[in-house]
Amino acid sequence: MNPDTPLLGIRGFLIDAPEFGRLRSWSDGALIIEGGLIAEVGDYASLSRQPRAQPVRWRHSPRSAVFPGLIDLHAHVPQYPAVARGGGDLLPWLRQHIFPLEREFTGAKGRREASAFFSELARHGTTTAMLYTAVFEDSCEAAFHAAAASGLRVIMGKMMMDVGSYGNLQPTKIASISLHESERLCKTWHGAAGGLLEYAFSPRFAVACSEKLMRAAAELAGKYGAYLQTHLAENTEEIEKVRHQFPAARDYTDVYEMCGLLTPRTVLGHCLHLSDRERAAIAAAGASVAHCPTANLFLRSGLLPLEKMRAAGLRLGLGSDVAAGPELNMWQVMRSAIETQKARSFYESEALIPTPTAALHMATQGAAEALGKGAVIGSFDIGKEADLTIMDYAALLPYRQSSKTVNDLAGEDLASVCIYRGGPHAVLETFVRGQSVFRAPEPELF
Ligand SMILES: [Zn+2]
């Protein structure tokens, strides 16, 4: 690096959650970013006095709270326009509201929406997302182009379905075409944009996939070192259908085991209604879980037994599951993860109610670990890539209280304020690998 090139310094109330239930904070803290990596972290007073070969260009707002970039482990790009619509159970909701929309996610409409979607993620402070598109190769391709232009960290794949694809709404994708198109996309995009983009082979769920398709998807993911994503045990009617479609399987999870879909690069959406055997099998395979509490409440799918997931040793992060979840706002997903367990605690004495710190962990470091990226992103440890979101905490406090008031807050209090009241209205700036990917249109802030 040119010795005259200034380093980026971010000053603010730094908060991260490197472990489930452990919070770190620096009330007047600072990060020094060099070459996209976190080079230094600590108190501003000491870091600002440190002698360095290069000058530091400081970004600072007196009311900024700085968090690791939020990670959304599960969302559907084509579904975003249908958020908060319907609200019946999963399978009728898919037929009535989602399949007609996904079927149109192609051509010019697909390109337009794909490009708008990633700006929305950055505006919400989300820096990493694991996403499904529709069954069409063209709109998945357009979505990858848009993801590359956005600067975000994106793991994505073309939806794969070869059984009753989109219900009675054609086109049904035969397995060989779906596999061929997915492989072509994977070859182009897996590892693109300096590694920020990765491919996920994405069989929708066992109801919509043949064994042949699922087996072949797993083989391709292994061949290219790509991710796999699918849905598991979200809804009881879905589970019943799988039981009929795969009578030889011990349970729903066994269908995926038989097909080779459970790997350390697999992220399973939901996992609400599992037996101990199934949780143990997922943990043994090293696969991860995307917990999507806003979606599970919206479609009344169920309440995750979080304590059983933790006891099984499962890696777990959070997902918005737009459009089953009504918004991309990961702060609201954290809130919902807490409130789901609070609701369960009234009838389930074992319920594990996450603290705000634990919820923040699940949306940052925990999710990073679920992706196998725990050493790369998720917290403010030196050497990690500088993915972060800066929140205007004054915008979240009643009467826009002054920074003087906030200095009296502990890191836990500020994390809680963001979880219960946070959202895009308070995001000042979002960075991925030290590059700004969203900046609020208020020039006086920095
Ligand atoms: Zn989903």
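Which residue follows α3, and is its phi positive or negative? Gly125 comes after the helix, and its phi is positive, near 85°. Keep in mind through all these views that the model is predicted.

**View 1. Helix α3 and what packs over it.** This helix takes in residues 107–123, 17 residues in total. At 1.5 Å a residue it should span 24 Å, and its end C-alpha atoms sit 25 Å apart, so the two values agree. Look along the helix for its buried residues: Gly110, Glu113, Ala114, Phe117, Phe118, Leu121 and Ala122. Their cover includes two strands from further along the chain, β15 (427–432) and β16 (435–439), as well as β6 (126–132) and helix α4 (137–150).

**View 2. Where the two domains meet.** Domain 1 is made of 7–69 + 378–445, while domain 2 runs over 70–370. Their centres, taken over C-alpha atoms, are 29 Å apart. The contact uses 29 residues of domain 1 and 28 residues of domain 2. On the domain 1 side, β1 (7–19), β2 (22–34), α16 (411–421), β15 and β16 each put in at least two residues. Helix α16 gives the largest share, 6 residues. By type, that side of domain 1 has 14 nonpolar, 10 polar and 5 charged residues.

**View 3. The largest nonpolar core, with Met334 picked out.** This core holds 146 residues, and Leu31, Ala217, Met334 and Ala363 touch the most other members. Both domains chip in, with at least three residues from each. Zoom in on Met334: setting aside neighbours within four places in sequence, its contacts are Leu318, Ala359, Leu360, Ala363 and Ile419.

Definitions and conventions. Residues numbered from 1 in each chain as written. Predicted model: local features only at pLDDT ≥ 70, side-chain atom pairs only at ≥ 80, totals over all residues. Helix = DSSP H or I, 4+ residues; strand = E, 2+ residues; numbered from the N terminus. Expected span 1.5 Å × (residues − 1). Buried ≥ 20, exposed ≤ 12 C-beta atoms within 10 Å, placed from the backbone. Contact = placed C-beta atoms within 7 Å. Core = buried A, V, L, I, M, F, W, Y, C linked by C-beta atoms within 7 Å. Domains from an automatic or database assignment. Nonpolar A, V, L, I, M, F, W, Y, C, P; charged D, E, K, R; others polar.
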